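I opened this notebook to keep track of what I looked up in one structure. The entries are short and follow the order in which I went through it.

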Amino acid sequence: MSAAESESVRVTRRLAASPERVFKAWADPALLRRWFAPIAQADARPGGRFRLEASSPEGAHVVIGEYREFIPGRRIVMTWVYEGPMIPVGKMEALLTVEFRQDGSSTEINLHHEHLTNPAYLATIRSGAWPKALDELEALLADPST
């Protein structure tokens with residue numbers, strides 16, 4: 001395993017919704033608040049910025065970043081700068097790529113989170129942070145009014 005592979009996480013998930021609905025849940029701050037973080041701001045366009053914030057008993061977890069690619073219904077690439085209790089000094093900048101592919105009446109999401117250089121953060125991501133978040137997204141998309 002290369003150093004780059006050891007610092008990345010890949011997750012694939014199939015969701016019972018169109019790529020447009022799934023993509024919107026990643027781009028619309030009101031929807032992000034319902035499945036990912038209670039505080040969410042997003043200027044969803046190339047060069048736009050976002051901020052996500054959630055609290056835990058350990059403290060505030062904040063992610064900020066910039067959209068590098070934003071292809072509606074197909075692909076989002078964003079920087080992912082984490083500041084919070086898992087990195088006690090400073091911050092960690094990673095890269096998140098999410099691809100959406102229609103698969104019949106479903107959408108396959110391929111998520112690649114790379115450059116996870118902090119061991120504690122990487123361990124949290126590997127132990128299920130993204131699958132848990134995608135479970136919340138799946139529950140949101142089960143509501144046809146979303």
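The entries below cover a hairpin, the empty spaces, the aromatic rings, one loop residue and the salt bridges.

**Entry 1: the model**

I noted at the start that this is a predicted model.

**Entry 2: a hairpin**

I looked up how strands β2 and β3 are arranged. β2 covers residues 39-42 and β3 covers residues 49-56. The two pair in the antiparallel sense, over 4 bridges. I then asked which residue of β3 is the bridge partner of A40. The partner is L52.

Between the two strands of this hairpin I found 6 residues. In the hairpin, G47 takes a positive phi near 85°.

**Entry 3: the cavity**

A probe the size of a water molecule, rolled over the atoms, shows where empty space is left. How many cavities of 30 Å³ or more does the structure hold? I found 1. The space in the largest cavity is about 70 Å³.

I listed the residues that line the largest cavity: W26, L32, F36, A42, F50, L52, Y67, M78, W80 and W130. L52 is thus in this lining as well as being the bridge partner of A40. Strands β3 and β5 (75-84) each supply at least two residues of the lining. I sorted the lining by class and got 10 nonpolar residues, no polar ones and no charged ones.

**Entry 4: the pocket**

Next I turned to the largest pocket, which holds about 510 Å³ of space. Its lining has 24 residues, and F36, H61, M86, Y121 and A129 lie nearest the centre of the pocket. F36 also appears in the lining of the largest cavity.

Which element gives the most to the lining of the largest pocket? Helix α4 does, with 9 residues. At least two residues each come from β3, β4 (59-71), β5 and α4. By class, I noted 15 nonpolar, 6 polar and 3 charged residues in the pocket lining. The lining of the largest cavity, by contrast, has no polar and no charged residues.

**Entry 5: aromatic rings**

I describe a pair of aromatic rings by the distance of the centres and the angle of the planes. The structure holds 13 aromatic pairs. For W35 and F36, the ring centres are 5.3 Å apart and the planes stand at 70°, so I entered the pair as edge-to-face. The angle that counts here is over 60 degrees.

Are W35 and F36 buried or exposed? W35 has a relative accessible area of 4%, so I put it down as buried. F36 has 26%, so it goes down as partly exposed.

One aromatic cluster takes in F23, W26, W35, F36, F50, Y67, F70, W80, F100 and W130. Among its members, W26, F36, F50, Y67, W80 and W130 are also listed in the lining of the largest cavity.

**Entry 6: a loop residue**

I checked H115, in the loop between β7 (106-114) and α4 (119-141). Its phi is near 65°, a positive value in a residue other than glycine. H115 has 40% relative accessibility, so it counts as partly exposed.

**Entry 7: salt bridges**

Side chains of opposite charge can pair when their charged atoms come close. I searched the whole structure and found 11 salt bridges.

R13 forms one with E138, and the closest N and O atoms are 3.4 Å apart. This pair links distant parts of the chain, with R13 in strand β1 (residues 9-15) and E138 in helix α4, 125 residues apart. R13 is buried, at a relative accessible area of 16%, while E138 is partly exposed at 37%.

R14 pairs with D103, at 2.5 Å between the closest N and O atoms. Here too distant parts of the chain are linked: R14 is in strand β1 and D103 in strand β6 (residues 87-103), 89 residues apart. R14 is partly exposed at 43%, and D103 is partly exposed at 28%. I also found a network of salt bridges that links R14, R101, D103 and E108.

The last pair I looked up is R75 with E69, at 2.9 Å from N to O. R75 is partly exposed, with a relative accessible area of 23%. E69 is partly exposed as well, at 29%.

Note on methods: Residues numbered from 1 in each chain as written. Predicted model: local features only at pLDDT ≥ 70, side-chain atom pairs only at ≥ 80, totals over all residues. Heavy atoms only, no water. Pairing = 2+ DSSP bridges. 1 Å grid on protein atoms, 1.4 Å probe; cavity = no way out; pocket = protein on both sides within 12 Å on 5 of 7 lines; lining within 4 Å. Points joined across faces, edges and corners; volume = space filled by probe spheres on them. Nonpolar A, V, L, I, M, F, W, Y, C, P; charged D, E, K, R; others polar. Phe/Tyr/Trp six-rings, centres within 6.5 Å; stacked < 30°, edge-to-face > 60°. Buried < 20%, exposed > 50% of the residue type's maximum accessible area, 1.4 Å probe, protein only. Salt bridge = Lys/Arg side-chain N within 4 Å of Asp/Glu carboxyl O.
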